[in-house]
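Visitor: I am new to this structure and should be grateful for a guided reading. May we look at it together?

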Amino acid sequence: MTQTSPSAGAPGAAPGALPASIDETVALLARGDYVADRSLSTALYLALKLGRPLFLEGEAGVGKTEIAKVLAKALGRDLIRLQCYEGLDVGSAVYEWNYLRQMVEIRVAEAAGGADRETLASDIFQDRFLIRRPLLQALEPHAGGAPVLLIDELDRTDEPFEAYLLEVLSDFQVTIPELGTVKAEKPPIVIVTSNRTREIHDALKRRCFYYWVDYPNALRELDILKVKAPGAPEALSRQVVGFVQELRKLDLFKQPGVAETIDWTHALVQLDQLSLDPETVNNTLGVLLKYQDDIARIQGSEANRILTQIKSELAAHGAV
């Protein structure tokens, strides 16, 4: 659960100004080195324009979280991230009282004498004893404009917490029994992500615009590598993309995401590879695949088969 400081917006753009069209949304993401297709840019533009949360679902490593990071940086807004996990509760996500400071306050008041219980109970539940967690932070005013709130991997939480989010995403407010209701003057820009390890309830999805972030096709993945790994030789990048695209056609326990494609390319550049070869592929599969059963299935003859196939296809198109 983190908060980052705002960055300067694009030259010539009003600080924190939202894109006024789909084309401007595409350009905004591009300024943050995010290669998005037009359908994703359309969903993001509409969510920003209409002030609705954007629910991004898809496999791990396809770039869902990165959208929120790029958006915050490009708009010059604070990024507030709520990293979800099993057992996440209100105390970790919204607020909790600083019990240690409250106890000290009670001891001091008792030592001084003259403090009645009713007054003391009122005194220790004041704003200065409140510890603000990401959801409450996102509802408060920010100097650069409403922040970007990233609720990351919501599917890792349980249903009671998901139900609690309904108040936040419906009215952009939270209720603190001792203090009352805190409502955002300007609602945050909300990005919710899910890896679909479980289904999210329809009631929450109805409050969001939905978009499935799929694996990119070969052309877009090559464009991503040109941006994220510009030092890689073009022939190597084409072979990497071809190899990864073939892996995603197989029934693996975990298919490689875009993040793994980028990591593998960087690793191969560090090894001074100009082209893929069987030995290097076998020795570096652990960068690309994260489960031993998948690595064991691909290593050796299967890796050689895929490598031979993609080199043959690239040669046929004059790309090697």
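Visitor: What area is buried between domain 1 and domain 2?

Guide: In this predicted model, the assignment gives domain 1 as 22–27 + 36–96 + 127–213 and domain 2 as 218–314. Carbon and sulfur atoms give 48% of the area buried between them. That buried area is about 400 Å².

Visitor: Which three residues supply 63% of the area that domain 1 buries against domain 2?

Guide: Six residues of domain 1 are in contact with six residues of domain 2. By class, the touching side of domain 1 has three nonpolar, one polar and two charged residues. The three that supply 63% of the area buried by domain 1, more than any other three residues, are Asp37, Ala60 and Gly61.

Visitor: How many residue pairs are in polar contact across the interface of domain 1 and domain 2?

Guide: The count of salt bridges between domain 1 and domain 2 is zero. Polar contacts are found there, however, with both residues at pLDDT 80 or more. The number of such residue pairs is three.

Visitor: How far apart do the C-alpha centres of domain 1 and domain 2 lie?

Guide: The two domains are in contact through six residues of each. Their C-alpha centres, by contrast, are separated by 33 Å.

Visitor: Which residue in strand 8 is the bridge partner of isoleucine 176?

Guide: Strand 7 covers residues 173–176 and strand 8 residues 180–183, and the two pair in the antiparallel sense over four bridges. A hairpin of three residues joins strand 7 to strand 8. In strand 8, the bridge partner of isoleucine 176 is glycine 180.

Notes:
Residues numbered from 1 in each chain as written. Predicted model: local features only at pLDDT ≥ 70, side-chain atom pairs only at ≥ 80, totals over all residues. Heavy atoms only, no water. Domains from an automatic or database assignment. Contact = heavy atoms within 4.5 Å. Buried area = accessible area lost by both parts, 1.4 Å probe. Salt bridge = Lys/Arg side-chain N within 4 Å of Asp/Glu carboxyl O. Polar contact = N/O pair within 3.5 Å; in protein donor to acceptor, adjacent residues only side chain to side chain. Nonpolar A, V, L, I, M, F, W, Y, C, P; charged D, E, K, R; others polar. Pairing = 2+ DSSP bridges.
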